[in-house]
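Here is a short tour of a protein chain for anyone who likes to start from the atoms. Please keep the model open beside the text as you read.

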Amino acid sequence: MSARKAVVFDVGGVLLTPAVPVLFRQYEESVGLPRDFLQKTILSGGPENVFVQAEKGQLTLTQMVSQFEAECHKSARNEGFSLPAQFSIQKLFKQLSAALKVNQPMLDAAVKLRDHGFATCVLTNNWVDDSAQRERTAQILSILSGHFDLIVESCRVRMRKPEASIYSYTLDNLKTKPQETIFLDDIGANLKVARDMGMATIRVRDTHEALMELQTLSGVELLKPEDMLPSSCHPDDVSHGFVSIKPGVRTHYVEKGDGPPVLLCHGFPENWYSWRYQIPALAEAGFRVLALDMKGYGESTAPPDIEEYCQEQICKDLVTFMDKMGIPQVTLVGHDWGGVIVWNMARCYPERVRAVVSLNTPLLPAKPDVNPLEQIKSLPIFDYQLYFQEPGVAEAELEKNLERTFKLLFIANRDEGPNMPSIDTSNVCKRGGLLVGMPENPRRSSMLTESALQYYVQQYKKSGFRGPLNWYRNLVTNWKWLLSRPISKVQVPALMVTAANDHVLLPAFTNGMENLIEDLTRAQVEDCGHWTQVDRPAELNKILIPWLKDVHKKMLIPIKPKL
């Protein structure tokens, strides 16, 4: 096992590309300057040149740009030529800001290292950006802060690379020793000091080669893109809020990003944290993401009355939530019971819905002559819903050992097998329980980290399973409500995402949905079970985000991706 505990990344040339010297040379060529004119001008200013002053926070970017422009004119005169008429340091930095792009493989590697327990840090020579392009800098820093444990900016700590003091400062804040640390930079002088201190160093010229070195030093497989998980958010990384729905009932939500609102509705037995891989990705794509603890779950109120959980009331609560948040219209994304909500909102409150996405849950018509409980009896895989009908019975079983419950429920499709059997949802009433016959000390699925398991356990200790199970106890009430509504075709754009290996919400159940929805797009996540958001998060995000962008583009609703 690697003795390394921390990895430190430079920004320009490592996490963002291309490197600044490359952009300088491109600019020199475009305006007809001698090669390396800009770099020579910087160095002619000595050890306290304007770049050093800016990187130590002694000058702002606009001050540095003005002084550097004057120095360039002076340098040109000394070399016996005049600068071209189109020469402008201000334009150069504007082009530089626009040209920098995220080095996605490197960022993905940083995320994976963090997932494997490494402390990760950004160490950058930068300046206080008061330019017209400062929003771009803010976006970059905001995104990086969500992926790394520590951000060290030279202009804030008034030290810069390659001064040894900034490396010592970084190591002290990471609580690691030089011998436990890997440092990646594209400048040799910055690496030499770190290497002399005892750090392992990687000079980044080619991303693939650098990742191969990083993989060797860290002991973590970094070059298998199919294994890469999207960035997830920790409960401490997002803003939490509460909205009072009515006296004694409030809804808890988490929020991230800005832009067109996208509201995420989870299913049973989950909470907002089931969207942990979608929240950062959607926020970075330019959306305002709101993930709810649905009524009865997590930090939201869990009233004991069964009727509080009927779909009519749940939809009314959601409209109240939107009103109090000042959101006239929203795009809804739902999974499992959350999928039921988004379909009912699209049918019954279409004016409040911009578009809908359902994961796994089909849109099914309410049949006037078929009682839903009788229909369930004809479908053995839904027998567990009959078991859930008697208040107190399923609660006692599921709350007895919360760790066991979630280990048995949350199993990735790839983990299913003799050593980790999936729950049989048929014959539950006859067996006398959903978990009867399952291992007493089950293994934890690869999709469920220990910290995620403990978060679910902690959340369900608050209110238990009474509220979540009450959703199932309104099947007949929901049916009668929908039959009372003037139901027509769903008119809002809709995306139906099926999971190929969901044993309960079978993809076949979505057959015929084209007859119920005017504008339906379909997608399927292969090798995926019921827990789509966490079983195959990268694959889901690749489906979800482009569709959302396209829908908003067609509606002429602007989206500003963060990077």
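A residue is called buried when its relative accessible area is under 20%, exposed when over 50%, and partly exposed in between, using a 1.4 Å probe and protein chains only. By that yardstick, 55% of the 563 residues of the chain are buried.

This is a predicted model, in which local features need pLDDT of at least 70 and side-chain atom pairs count only at pLDDT 80 or more, while totals for chains, interfaces and linings use all residues. Residues are numbered from 1 along each chain as its sequence is written, and side-chain values use heavy atoms, with hydrogens and water left out.

**The chain as a whole**

Helices (H or I, at least four residues) and strands (E, at least two) are DSSP runs, numbered from the N terminus. The chain has 24 helices and 15 strands, and its C-alpha atoms fill a box of roughly 95 × 50 × 40 Å along the principal axes. A contact means heavy atoms within 4.5 Å. Among contacts between residues at least 6 apart in sequence, 75% join residues at least 24 apart.

**A look at helix α14**

Let us turn to one helix. Of the 12 residues of α14, 11 are buried, so this helix is largely enclosed by the rest of the structure. Among the buried ones are Trp337, Trp343 and Met345. The buried residues of α14 pack against β10 (261-265), α13 (311-325), β12 (330-335), β13 (353-359), α22 (475-483) and β14 (494-499).

**Salt bridges**

A salt bridge here is a side-chain nitrogen of Lys or Arg within 4 Å of a carboxyl oxygen of Asp or Glu. The structure holds 27 of them, and three are listed below.

| Pair | Closest N to O |
|---|---|
| Asp149 and Arg114 | 3.1 Å |
| Lys295 and Asp317 | 2.6 Å |
| Lys377 and Glu374 | 3.4 Å |

Asp149 lies in the loop between α7 (134-147) and β5 (150-153), and Arg114 in helix α6 (residues 104-115), so this pair links distant parts of the chain, 35 residues apart. Asp149 is partly exposed at 42% relative accessible area, and Arg114 is also partly exposed, at 25%.

Are Lys295 and Asp317 buried or exposed? Both are buried. These two residues also belong to a network of salt bridges with Lys246 and Glu308.

Lys377 and Glu374 are three residues apart in helix α15 (residues 372-377), which means they are separated by about one helical turn. Lys377 is exposed, at 52%, whereas Glu374 is partly exposed, at 47%.
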